[in-house]
Amino acid sequence: MDTRTKEAVRYLGYGRHAVDDTIMTLIESSFAELNKIVQYRITYRIFELEVPDSDNVKIGELKIRSKNLAKNLRGCDQAVMLGATLGIEVDFLMKRYSLTEMSRVVVLQACAAAMLEEYLDKWQKELSGKMREKGYYLRPRFSPGYGDFCMDYQKDILRMADTARRIGLSITDGNMLTPSKSVTAVIGMSTEETACHRAGCEACEKSDCMYRRSSV
Amino acid sequence: MILERLGKELIYFDGGTGTLLQEKGMKPGELPEIWNLTHAEEMVDIHRKYYEAGSDIVLTNTFGANALKFHSSEYSLEDIVTAAVANVKKGASLGVCDNREVYTALDIGPTGKLLKPMGDLSFEDAYEAFREVALYGERAGADLIHIETMSDTYEVKAAVLAAKENTKLPVFATMIFDEKGKLLTGGDVPAVVALLEGLRVDALGINCGMGPEQMLPVLDKILEYASVPVIVKPNAGLPKQKDGAVYYDVTPDEFAKVMRKIVEKGASAVGGCCGTTPEHIRKMIQTTADIRVCAEREPKCHTIVSSYGKAVQLGGKPVIIGERINPTGKKKFRQALKEHDVDYVLREGISQQDAGADILDVNVGLPDIDEPALMREIVMELQSVTSLPLQIDTVDGKALSAAMRIYNGKPMVNSVNGKQESMDLVFPLIKRYGGVVVGLTLDENGIPDTAEGRADIAGKIIEEAKKYGIPRKDIVIDVLAMTISSDPEGAKTTLEALRMVRERYGVCTILGVSNISFGLPFRPAVNSNFYTMAMQAGLSAGIINPLSEDMMRSYYSFCALMNYDKNCETYIERYSMQTEALKTPAGGEIPLRTAIEKGLKEEAHHAASLLVKTQEPLFIINEQMIPALDAVGKGFEKGTVFLPQLLMSADAAKIAFAVLKDALEKSGKTEQKKEKIVLATVKGDIHDIGKNIVKVLLENYSFHVIDLGKDVSPEVIVETAVKEDVKLVGLSALMTTTVGSMEDTIKLLHERKPDCRVMVGGAVLSQEYADMIGADFYGKDAMQSVYYAQNLLKE
């Protein structure tokens with residue numbers, strides 16, 4: 001099983017349980033269908049960063065209060081603000097299947113999430129290589145909603161990275177990203193390499209989560 | 001007047017302002033529009049420089065000046081816009097030294113929000129925001145309105161309508177395309193041009209997103225389709241980043257060189273966007289000074305209808321218009337409309353798209369129905385599940401107008417006819433909203449018996465349309481197929497009229513094909529043969545049932561025979577397996593119960609169809625289906641069955657239920673009365689997967705779900721609960737930000753309908769949270785909601 005399939009299975013809540021053939025076929029055909037319509041788009045901007053204390057972060061002119069983010073960014077002096085999306089066609093596709101085949105909607109949703117993460121990982125690896133040449137090391141992505149990094153900051157990231165104009169990514173009054181299969185994140189840039197930084201799922205404190213990677 | 005010059009001589013716009021504002025000390029995060037008031041001198045200076053460089057049109061610094069994007073407690077929008085116009089005019093008075101005529105363009109940019117159905121901004125609210133700015137701009141003395149940097153066809157439609165309906169100013173619109181010639185929301189060049197020209201903009205084009213070089217191929221495409229003057233305003237290359245700042249590095253000389261190419265290709269107005277400076281504009285003007293007279297461009301004659309993401313062109317390969325969204329002669333469809341079962345209508349759309357339709361006809365006319373409201377709703381909902389363009393089919397002027405207004409794209413309109421009354425009603429709407437209109441060849445004297453007579457009426461319709469400025473390419477003639485059982489010459493007359501109309505006027509044609517066999521036995525045989533004959537006679541679009549294999553066989557064969565299907569690829573793909581006999585599903589004979597438990601849809605359909613021949617539907621439900629659903633539900637609770645499997649079973653059960661329902665109806669029995677439950681995703685929440693999961697499961701357990709959709713206000717939920725007298729409402733919310741509106745809804749419900757219980761669910765909720773907001777039940781997963789509903793309503 002490739003990584004994104006494994007991730008999709010995890011998002012579907014299977015934990016360590018095996019997936020039967022019918023579901024596997026559904027997952028494969030969902031990936032195939034998504035491959036035809038996703039529009040991978042990403043945009044970012046780099047800002048000056050300060051971490052004055054363990055509760056606060058300042059990126060450009062934006063002040064953020066978050067212990068978890070401050071911890072993630074400690075030792076960095078610049079930050080990448082990014083927005084990424086798979087595009088609006090994914091939403092149309094899911095809406096369409098919600099009328100005819102609900103099981104596929106749930107699987108499409110998991111597969112799309114896995115594709116978006118995979119895309120971001122690949123993109124970050126490339127950026128990491130480029131930044132290494134300039135003497136910078138990248139921290140793991142950190143998104144609003146992780147720990148105490150409040151979802152309200154999504155708006156600011158979108159504005160600072162100019163995502164509406166560049167990639168068509170915007171937000172509703174209720175703080176929901178549109179298109180729905182989208183991500184905002186902050187990536188710290190440091191001149192020092194930090195060993196073994198915990199990333200993504202494993203960094204979360206909610207250890208009893210049914211979606212946790214390598215969960216019980 | 002700008003319109004007298006545009007298209008005849010080359011017109012120059014200004015360039016970017018962002019870089020210049022930064023140079024003058026604007027900080028990141030500051031709202032640039034405020035500078036019109038706080039730094040008027042600096043703004044005037046920037047405008048002056050562009051006029052000095054030679055610009056004919058300078059844009060006001062109002063890109064983000066709309067109520068949805070501009071939030072300031074200190075400054076009013078009206079003051080900002082008024083000052084912005086005054087600043088440009090002052091810049092002109094200082095910067096224009098050669099007495100040339102120059103213009104102030106009110107700049108309107110996007111709202112930065114996505115419109116419904118995928119976002120949360122309603123079309124009307126977007127329109128209102130643009131209307132406000134347009135009014136201020138005209139009042140302040142702007143000479144034209146320039147709508148730019150749009151990446152959504154729906155939003156640009158709102159902006160253009162707001163500008164045209166509320167001011168007398170010329171309206172220009174430019175959009176951002178990517179290198180592939182697509183908008184961020186998926187639309188392509190033909191779709192965008194069709195939409196904007198339909199809305200009667202005075203000029204259209206491309207700005208931002210790319211540098212001049214990258215715009216060349218997109219420009220070629222625009223010039224291929226556009227009849228109105230074309231505007232091109234590139235960035236100074238692609239954005240780059242250094243030390244935290246974005247910059248553009250195409251130099252004025254390089255910029256000017258490519259801009260010359262752009263003008264030579266046929267652009268009528270040119271300027272710059274992000275990263276361009278007065279120097280870029282000066283160089284561009286110098287480099288193009290010798291070609292200031294625009295070559296005359298031919299009006300294009302493509303007949304195009306479009307949706308948000310797709311354009312369909314008529315006149316080449318025959319186009320299929322799906323006829324099934326129509327209550328005429330369809331009992332189930334009528335029933336669905338009466339019960340406001342929108343999902344049923346949408347599924348008719350999806351199945352036709354899957355079967356190969358290019359355009360969907362939409363007719364929801366029934367006596368005693370609020371057709372304008374329903375037509376509007378169905379058109380909106382259809383556009384959220386299919387990208388096919390729609391043909392709005394109604395005789396109700398109000399319904400037509402309501403649907404055309406909110407339609408995302410350039411619709412097809414069915415229909416106008418030769419009666420003066422009909423033309424007086426329909427043509428003004430086409431002029432206002434754009435559209436390709438079907439012209440029926442009948443008039444006050446009825447339908448002529450001869451091809452000649454029908455062609456004459458077509459001519460009359462085309463002439464009358466001309467008075468409204470509606471070009472011939474936007475008219476598709478229907479010469480009407482009359483049944484051969486009452487008129488033996490009917491088919492011959494129709495075919496002759498088809499040929500005549502095409503030859504005489506060069507317009508596209510359309511026919512409701514299946515009328516031809518009315519009153520005859522075994523109609524598919526006659527229909528499919530007549531369909532082929534009509535295509536051979538030049539039919540551009542047949543209104544047919546794409547689910548009829550006979551019709552599709554004719555269609556694919558015709559396309560293969562006439563070389564519309566390259567190497568017969570489509571034909572082969574579709575029919576190479578046809579030699580194999582139809583077989584039972586791969587799994588063989590599987591009992592219904594097992595099929596449902598395993599979530600096998602085809603098998604469930606097959607098994608149910610067999611069972612229903614020998615057993616009562618109710619017996620099958622109780623003995624086979626409910627036990628299967630229960631077993632899967634229990635497994636889900638225990639953690640041995642997972643959500644996708646639970647839903648596959650639900651999907652399979654749904655299909656089996658449909659088979660049983662059909663059987664019940666055929667035997668003349670009605671279903672048992674079902675308990676009603678209202679489901680909704682609360683206001684502010686646009687994620688509805690959770691709610692839809694619960695819906696599918698509840699329906700399988702024989703509840704009648706009234707699905708109000710997503711982002712539903714407390715008032716609508718409560719009103720429905722009261723009106724339908726439901727005893728249970730299910731609410732879903734995904735995020736903390738929307739739990740507040742869930743709480744409001746619960747309060748209002750308990751107040752206005754105390755006997756109604758509320759169950760809640762969603763990612764953000766917990767038992768504690770649910771208690772806190774006063775919910776009667778918290779469903780931690782979809783099955784829990786089913787059990788609660790059963791306990792509450794069925795005991």
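## A salt bridge across the two chains

Let's start right at the contact between the chains: A:Arg96 and B:Asp354 bring their side chains together in a salt bridge, with N and O 2.5 Å apart. Keep in mind that this is a predicted model. The pair has company, as the count of salt bridges between chain B and chain A is five. If you widen the search to polar contacts, you get 17 residue pairs between chain B and chain A, counting pairs with both residues at pLDDT 80 or more.

Which parts of chain B do the touching? The elements that give two or more residues to the side facing chain A are strand 9 (245-247), helix 13 (342-355), helix 25 (643-666), helix 26 (689-700) and helix 28 (736-752) of chain B. Helix 25 of chain B puts in the most, with seven residues. Sort that side of chain B by residue class and you find 28 nonpolar, 17 polar and twelve charged residues.

## How much the chains share

Here's the overall tally for the interface. On the chain B side, 57 residues are in contact with 48 residues of chain A. Put together, chain B and chain A bury about 4,500 Å² between them, and carbon and sulfur atoms give 62% of that area.

## The sheet in chain A

Chain A has an open sheet of six strands, and if you walk across it the order is 3-2-1-4-8-5, with antiparallel pairing. At the edges sit strand 3 (62-65) and strand 5 (137-138) of chain A, each of which pairs on one side only. Further in, strand 1 (residues 41-50) and strand 2 (residues 56-59) of chain A run antiparallel and are joined by two bridges. For a spot to click on, take A:Leu49, whose bridge partner in strand 2 of chain A is A:Ile59.

A helix packs on this sheet too: helix 6 (residues 153-160) of chain A touches strand 1, strand 2, strand 3, strand 4 (78-85) and strand 8 (182-190) of chain A. The direction of helix 6 makes about 155° with that of strand 3 of chain A.

## The sheet in chain B

Chain B has an open sheet of eight strands with parallel pairing, in the order 1-10-7-6-5-4-3-2. Its edge strands are strand 1 (11-12) and strand 2 (57-59) of chain B, and each pairs on one side only. Strand 7 (residues 230-233) and strand 10 (residues 269-270) of chain B run parallel, with two bridges joining them. There, B:Val232 stands opposite B:Val270 of strand 10 of chain B.

## Salt bridges over the whole structure

How many salt bridges turn up when you search the whole structure? Over all chains, the answer is 65. One of them, within chain B, links B:Arg5 to B:Asp56, with the closest N and O atoms 3.9 Å apart. B:Arg5 belongs to helix 1 (residues 2-5) of chain B, while B:Asp56 is in the loop between helix 4 (40-53) and strand 2 of chain B, so this pair ties together parts that are 51 residues apart in sequence.

## Backbone oddities

Most peptide bonds are trans, and most residues other than glycine have a negative phi. A few places here go the other way. In chain A, the bond joining A:Thr178 and A:Pro179 is cis, with omega about -5°. A:Pro179 is in the loop between strand 7 (177-178) and strand 8 of chain A.

Chain B has a cis bond as well, running from B:Lys116 to B:Pro117 with omega near 10°. You'll find B:Pro117 in the loop between strand 3 (103-108) and helix 6 (123-140) of chain B. Then there's B:Phe522, which is not a glycine yet has a positive phi of about 50°. B:Phe522 is in the loop between strand 19 (508-512) and helix 19 (523-536) of chain B.

Key:
Residues are numbered from 1 along each chain as its sequence is written. Chains are lettered from A and ligands numbered from 1 in the order in which they are written. This is a predicted model: local features need pLDDT of at least 70, side-chain atom pairs count only at pLDDT 80 or more; totals for chains, interfaces and linings use all residues. Side-chain values use heavy atoms; hydrogens and water are left out. Contact means heavy atoms within 4.5 Å. Buried area is the accessible area (1.4 Å probe) that two parts lose on being put together, summed over both. A salt bridge is a side-chain nitrogen of Lys or Arg within 4 Å of a carboxyl oxygen of Asp or Glu. A polar contact is a pair of N or O atoms within 3.5 Å; within protein, one must be able to donate a hydrogen and the other to accept it, and residues adjacent in sequence count only if both atoms are side-chain atoms. Helices (H or I, at least four residues) and strands (E, at least two) are DSSP runs, numbered from the N terminus. Ala, Val, Leu, Ile, Met, Phe, Trp, Tyr, Cys and Pro count as nonpolar, Asp, Glu, Lys and Arg as charged, and the others, Gly among them, as polar. Two strands pair if DSSP finds at least two bridges between them. Axes are lines fitted to C-alpha atoms, for helices over the stretch in contact, and angles run from 0 to 180 degrees between N-to-C directions.
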